[in-house]
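Trainee: I'd like a close look at one part of this model, the pockets and what surrounds them. Could you walk me through it once the structure is up?

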Amino acid sequence: MQESAVGYEVADGIARIVLRNPPVNALNDAGLSALIDGLRRAAADDGARAVLLTSAVPGRFSAGLDLKALADQPAARIRALVRKLYVELYDAQFELGKPSIAVVAGTTRGGGMTMAISCDVIIASESATFGYPEIDNGLLPAIHFAHLPRIIGRHRAFELLFSGRPFAAREAFDLGLVSRVVPDGEAEAAAVELARTFASKPEIAVRLGRAAFLRQNDLDYRRSVAAAVEDFATVSATEEARAGLRAFAQRPRKEG
């Protein structure tokens, strides 16, 4: 994934950070850097009052980390990449200073879930699907051990995280993981409408209120995020995980 695979544009007070790395918007080091740079750019952009994180790849939000690229990486490189996904992305969102909305109009898995839940709101299309398949490759969706139980409850979170099964947008909504489900083809428009609502509110009140909201709800989250990096890195160094990554790397890549 190259820097051009993440676009940035602003119109009518709304910044759009666009994932455009077909076929599945897989994330590597350069792509994550571009995403984080886009969030920092939006934070400093006086013309942006709200931020959308969206995809230009039809039917896909993101498959998450590029596991094929991770297959032969040393443990230190994997730790650095996961730190960027977990810690640096979290920090960029925390310091954004304006509301962010993830527009999920397709499949999202693994690190794609991390990107989506880092936003303040998630708008999903009816055909969108979600999932945490890391366990199937001998890995852990470690950051979601901290996030998911707080949103949907301990037992339901355990079931999703350790079964690795995909689940539909309606189930995600019923669980409280998704803010709103809209008909296919309408997710972006719904997100823009909500972003305009946010942008119409007093700017200082939104900025200070969002910071207070995050402090109240994420008081111990930062510590959990740092621990999640170590959990992922520890498991990824095992032979079982290495074998899972090698097997994944040998699978033919699906375009659809």
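Which helices and strands each supply at least two residues of the lining of the largest pocket?

Mentor: Keep in mind that this is a predicted model. The elements you're after are β6 (64-65), α2 (67-70), α3 (75-94), β8 (106-109) and α4 (111-117), and each of them supplies at least two residues of that lining. The pocket itself has a volume of about 830 Å³. It is lined by 31 residues, and the closest to its centre are A63, R109, P133, F248 and R251. If you're thinking about the chemistry of the wall, the lining residues divide into 13 nonpolar, 8 polar and 10 charged.

Now slide over to the second largest pocket, with a volume of about 700 Å³. Its lining has 30 residues, and I117, C119, D120, F213 and L214 lie nearest the centre. Here the elements that give two or more residues are α3, α4, β9 (121-125), α5 (142-152) and α9 (203-217). Among these, α3 gives the most, with 6 residues. The make-up of this wall is 19 nonpolar, 7 polar and 4 charged residues. So you can follow α3 from one pocket to the other: it supplies at least two residues to the lining of the largest pocket and 6 to that of the second largest. Helix α4 also turns up in both lists, giving at least two residues to the largest pocket and two or more to the second largest.

Since α3 keeps coming up, look at its packing too. Its axis and that of helix α1 (residues 29-44) come within 10 Å and cross at roughly 10°. An angle under 35 degrees counts as roughly parallel, so α1 and α3 are roughly parallel to each other. On the α1 side the contact is made by D29, L32, S33, L35, I36, L39 and R40. Facing them from α3 are L81, K84, L85, E88, L89, A92 and Q93. Sorted by type, the residues of this contact come out as 8 nonpolar, 2 polar and 4 charged.

Zoom out and you'll find these elements in a chain with 11 helices and 12 strands. Its C-alpha trace spans about 55 × 40 × 35 Å along the principal axes. For 256 residues, a compact globule would have a radius of gyration near 18 Å, and the chain's 17 Å agrees with that.

Key:
Residues are numbered from 1 along each chain as its sequence is written. This is a predicted model: local features need pLDDT of at least 70, side-chain atom pairs count only at pLDDT 80 or more; totals for chains, interfaces and linings use all residues. Side-chain values use heavy atoms; hydrogens and water are left out. On a 1 Å grid over the protein atoms alone, a cavity is a set of points where a 1.4 Å probe fits but cannot get out, and a pocket is an open set with protein on both sides within 12 Å along at least five of seven lines; lining residues have an atom within 4 Å of a point. Grid points are joined across faces, edges and corners, and a volume is the space filled by probe spheres set on the points. Helices (H or I, at least four residues) and strands (E, at least two) are DSSP runs, numbered from the N terminus. Ala, Val, Leu, Ile, Met, Phe, Trp, Tyr, Cys and Pro count as nonpolar, Asp, Glu, Lys and Arg as charged, and the others, Gly among them, as polar. Axes are lines fitted to C-alpha atoms, for helices over the stretch in contact, and angles run from 0 to 180 degrees between N-to-C directions. Angles under 35 degrees count as roughly parallel, over 145 as roughly antiparallel, 65 to 115 as roughly perpendicular and the rest as oblique. Contact means heavy atoms within 4.5 Å. The radius of gyration is taken over C-alpha atoms; the globule rule is 2.2 Å times the number of residues to the power 0.38.
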